[in-house]
Amino acid sequence: MKKKLLMTLTLAFAMSASTFAQTNPTTLEEGGTGPYKAVMYEVEGFAEHTIFAPQDLSVFSAQKALPVLVWGNGGCANSPRGHEKFLNDIASYGYLVLATGIMPKEDAPRGMGGGMGMGRQSRSEQQVESMDWAFAQNADKNSPFYQKIDTKNICISGMSCGGLQALFNCFDPRVTSIMICNSGLFDQEGGAPRMGGMPSVPKDKLKDIHCPIIYILGGDKDIAYANGMDDYKRIEHVPAIAVNLPVGHGGTYSQPHGGEFAIVARAWLDWQLKGDQEASKMFCGDSPAILQRPDWTMEKNAKVK
């Protein structure tokens, strides 16, 4: 029944998508460090979402399709402002990145792409809308993404509040990988206060996760460190990794090209969504490459070989 409902939603969305009107395309940091120079833009009819994708889609096809990264923002913000360098650089390596919220703009009022935590808050459902949109565009002959999206390889992710939104949505059967950044579930008995856009997921739901998961945290000075590490330690039935760089809760997202977090995140995505065995060496084997990078530490469960 669930699979039939998802197909119905996707087909309905595809039938309504007769045009693809791209608005406000922006090039960040010369398109990123990857081989497919990326742009950031919005699309009419896909409100409150920002797209990061290679500018030239002609090199992609059903045989060389774009895996999908679905992203939620810190502070429950309704804009990926502060994460755009990180997301743009990932897109430049051949990914379709669909971020919650309106496109960041330098001259926008706070809360309208101009600030991280002020103004209107995001909704967890926006990540589901991103997946619906990806499926619809892949099926729509009028879309430049027609048969160029790898809908069988979707990572759901987010930072802080956005990471909680990703954990809320990770049980969707379309999700094939999970990447939680500077985040982790609250102990329900702790009664910690939550922002309006912050979903509540009980810790015992972690046992229902159906795909590999990584936590990318900022060390013990990260306010999400304890929650994230506790999550990781509870997950034994699927491959789970926790990595830490002692930079605190803010990560390295705003550094040029997203800094160290972007490098490690991309290795995870290349391994999980593209099957890149060279990328798996960042985390696997007797001498994982991440431990050769300054200040990183890692734990992994028995499911990670």
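**Group meeting: a sheet, a helix pair and two loop residues**

Helix 2 and helix 6 are oblique to each other. I begin with this pair, and I should say at once that the model is a predicted one. The angle between helix 2, residues 84–91, and helix 6, residues 259–274, is about 40 degrees, and their axes lie 10 Å apart. That angle counts as oblique because it is neither under 35 degrees nor in the range of 65 to 115. The crossing of helix 2 past helix 6 is right-handed.

Which residues meet where helix 2 packs on helix 6? From helix 2 come Phe 86, Asp 89 and Ile 90. From helix 6 come Phe 261, Ala 262, Ala 265, Arg 266 and Leu 269. Within this contact, 6 residues are nonpolar, 2 are charged and none is polar.

Let me now turn to the chain as a whole. It contains 7 helices and 10 strands. It has 305 residues, of which 58% count as buried. Among contacts with a separation of 6 or more, 68% are between residues 24 or more positions apart.

Next, the sheet. It is an open sheet of 10 strands with mixed pairing, in the order 1-2-3-5-4-6-7-8-9-10. Its edges are formed by strand 1, residues 22–26, and strand 10, residues 297–300, each of which pairs on one side only. From one strand to the next, the twist averages 20 degrees.

Two pairings within the sheet deserve a closer look. Strand 4, residues 66–72, pairs with strand 5, residues 96–100, in the parallel sense, and 4 bridges are found between them. In this pairing, Trp 71 stands opposite Ala 99 of strand 5. Helix 4, residues 161–169, packs on the sheet and touches strand 4, strand 6, strand 7 and strand 8. The direction of helix 4 makes about 135 degrees with that of strand 6.

The second pairing is that of strand 8 with strand 9, which run parallel and are joined by 5 bridges. Here Tyr 215 stands opposite Ala 242 of strand 9. Is strand 9, residues 240–244, enclosed or exposed? Of its 5 residues, 5 are buried, so the strand is largely enclosed by the rest of the structure. Both of its faces are covered, with Ala 240, Ala 242 and Asn 244 buried on one side and Ile 241 and Val 243 buried on the other.

Strand 6 brings us to a single residue, Thr 151, which is found in that strand. Thr 151 has a relative accessible area of 17%; because the cut-off for buried is under 20%, this residue counts as buried. Leaving aside residues up to four places away in sequence, Thr 151 touches Ala 134, Phe 135 and Asn 138. Met 131 is 20 residues from Thr 151 in sequence, and their C-alpha atoms are 8.5 Å apart.

I finish with the loop between strand 1 and strand 2, where Glu 29 is found and where Glu 30 also lies. Most residues other than glycine have a negative phi. What is phi of Glu 29? It is near 45 degrees, a positive value. Phi of Glu 30 is likewise positive, near 55 degrees. As for accessibility, Glu 29 counts as partly exposed at 25%, whereas Glu 30 is exposed, with a relative accessible area of 72%.

Definitions and conventions. Residues are numbered from 1 along each chain as its sequence is written. This is a predicted model: local features need pLDDT of at least 70, side-chain atom pairs count only at pLDDT 80 or more; totals for chains, interfaces and linings use all residues. Side-chain values use heavy atoms; hydrogens and water are left out. Two strands pair if DSSP finds at least two bridges between them. Axes are lines fitted to C-alpha atoms, for helices over the stretch in contact, and angles run from 0 to 180 degrees between N-to-C directions. Contact means heavy atoms within 4.5 Å. Angles under 35 degrees count as roughly parallel, over 145 as roughly antiparallel, 65 to 115 as roughly perpendicular and the rest as oblique. A crossing is left-handed if the near helix is turned anticlockwise from the far one by less than a right angle, and right-handed if clockwise. Ala, Val, Leu, Ile, Met, Phe, Trp, Tyr, Cys and Pro count as nonpolar, Asp, Glu, Lys and Arg as charged, and the others, Gly among them, as polar. Buried means under 20% relative accessible area, exposed over 50%, partly exposed in between (1.4 Å probe, protein chains only).
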